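Student: Before we begin, please display the sequence together with the model. I should then like to work through the architecture by question and answer.

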Amino acid sequence: MASQPHALSYVGCNFLRQRLVLSTLSGRPVKIRKIRAKEESPGLRDFEASFIRLIDKVTNGSRIEINQTGTTLYYQPGLLYGGVLEHDCSPHRSIGYYLESLLCLAPFMKHPLRIVLRGVTNDQVDPSVDVLKATALPLLKKFGIDGEGFELKITRRGMPPKGGGEVIFACPVRKVLRPIQFTDPGKIKRIRGTAYSVRVSPQIANRIVDSARSILNKFIPDIYIYTDHMKGTSSGKSPGFGLSLVAETTNGTFLGAELASNPQGQGTAVLPEELGLNCAKLLLEEIYRGGCVDSTNQSLVLLLMTLGQQDVSKVLLGPLSPYTIEFLRHLRSFFQIMFKIETKPSREEPQGGEKVLMTCVGIGFSNLSKTIK
């Protein structure tokens, strides 16, 4: 018997998903203590418990121990199994919260994953399903994760607080990932978007589109924003509206931005015109930050580079987000991998903010649970 790798120990509730995902991929157990120990209601929240249940569903043989107060979690990962699954997500966070982690795990399952997720599809905290579909899926394709069974589809939209949305995510499995050299983002060639409205007047989506175009038309002529008004059972349980925009470049870089209205009964009402203008500005800021991957997917691309074959991978990113910086620390703890980080000052690149060139040699991660046919 091989000796068990010793558990990595962490304190606090921050970056819980990162730790569990990397633990599952590396096979190293984790122990997380003092989860909100000093708060009035200590321990894991509903959405975190739901996330742990989801990890338990997609793996086989995981051991999860949580103490009575929910302040200590011990997780010993099993094998990634996959298959056809369903999961009801907590309405406190959107489906994007769960989907971001599934995108990291899905290519390494034993059986191709096909999962139906129910809950909130668009909120103000997590990346929406629309943006992940437009930015994360093309990114996975660059690493060779592609095929007929690769899709992300919204069958129902659900807005907070009650949700009621439904999403289907299917992903094929891969034995190894190919390394990438992705250092030239290219020029912006077109902007696409979706203005959605559920349980409110369909006219609201048109107002959002008009206000977003009033800014974006000054920069580029090729803009198409699709209006998506869902009726009846496919519109979830709560009213709301929002906009997701994606800019595509000549080299296949996708930069996304999005905004959603305040949940019913919370905060001040947002005008559709304001939302459209602010979302267009957020997209322009994301374009200014630049790089080959937008700030939402930085950690995803770094993880896939780490798990690639034993070859050099390079990617050019905009300024690193705090989430990504912590993710790099976790990658070092779980996989003993270090990235070479070179800053490219904006003098060399006339457009946008400072860029960071990330280089690493993949660890040659191989999907052991995939049966060889």
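Student: Which strand pairs with strand 12 (residues 188–198) in the antiparallel sense?

Tutor: Strands of a sheet pair through backbone hydrogen bonds, either parallel or antiparallel. Two strands count as paired if DSSP finds at least two bridges between them; strands (E, at least two residues) and helices (H or I, at least four) are DSSP runs numbered from the N terminus. One of the bridges places V198 opposite G240. With 10 bridges in the antiparallel sense, the partner of strand 12 is strand 14 (residues 240–249).

Student: What pLDDT is required before side-chain atom pairs count in this predicted model?

Tutor: Residues are numbered from 1 along each chain as its sequence is written, and side-chain values use heavy atoms, with hydrogens and water left out. In this predicted model, totals for chains, interfaces and linings use all residues, local features need pLDDT of at least 70, and side-chain atom pairs count only at pLDDT 80 or more.

Student: Is the β-α-β unit made by strand 12, helix 5 and strand 13 right-handed or left-handed?

Tutor: Strand 12 and strand 13 (residues 223–230) pair in the parallel sense over eight bridges, with T194 facing Y226 as bridge partner. Helix 5 (residues 203–216) completes the unit with these two strands. A crossover is called right-handed if, with the strands pointing away from the viewer, the path from the first strand over the helix to the second runs clockwise. By that convention the unit is right-handed.

Student: How far apart are the end C-alpha atoms of residues 183–287?

Tutor: UniProt, in an unreviewed entry, lists this span as "domain: RNA 3'-terminal phosphate cyclase insert". UniProt positions follow the numbering used here, feature names are shortened, and annotations may be inferred rather than shown by experiment. The span is 29% helix and 34% strand, and its end C-alpha atoms are separated by 15 Å.

Student: Which strands are the edge strands of the open sheet with the order 7-8-10-9?

Tutor: This open sheet has four strands with mixed pairing. An edge strand here pairs on one side only, and that holds for strand 7 (82–88) and strand 9.

Student: At what angle does helix 3 run to strand 8?

Tutor: Strand 8 (residues 111–119) is joined to strand 10 by seven bridges in the antiparallel sense, and V116 stands opposite I168 there. Helix 3 (residues 95–105) packs on the sheet, in contact (heavy atoms within 4.5 Å) with strand 7, strand 8, strand 9 and strand 10. Axes are lines fitted to C-alpha atoms, for helices over the stretch in contact, and angles run from 0 to 180 degrees between N-to-C directions. On that basis, the angle between helix 3 and strand 8 is about 170°.

Student: Which strands does helix 4 (residues 129–142) lie across?

Tutor: Helix 4 runs at about 170° to strand 9. The strands that helix 4 lies across are strand 9 and strand 10.

Student: Which residues form one aromatic cluster?

Tutor: Rings of Phe, Tyr and Trp (its six-membered ring) pair if their centres lie within 6.5 Å; planes under 30 degrees apart count as stacked, over 60 as edge-to-face and the rest as tilted. The structure holds seven aromatic pairs; in one of them, Y97 and Y98 meet edge-to-face, 5.1 Å centre to centre and with 80° between the planes. Both of these tyrosines are buried (under 20% relative accessible area, against over 50% for exposed and partly exposed in between; 1.4 Å probe, protein chains only). The cluster consists of F47, F51, Y97 and Y98.

Student: Is R36 buried or exposed?

Tutor: R36 lies in the loop between strand 2 (30–33) and helix 2 (46–58). Although R36 is not a glycine, its phi is positive, about 50°. Because its relative accessibility is 13%, R36 counts as buried.

Student: Is Q336 buried or exposed?

Tutor: Q336 also has a positive phi, near 50°, in a residue other than glycine. Q336 belongs to the loop between helix 8 (322–335) and strand 17 (340–344). Its relative accessibility is 56%, and therefore Q336 counts as exposed.

Student: What is the omega of the cis peptide bond that joins P160 and P161?

Tutor: P161 is placed in the loop between strand 9 (151–156) and strand 10 (165–171). The cis bond from P160 to P161 has an omega of about 5°.
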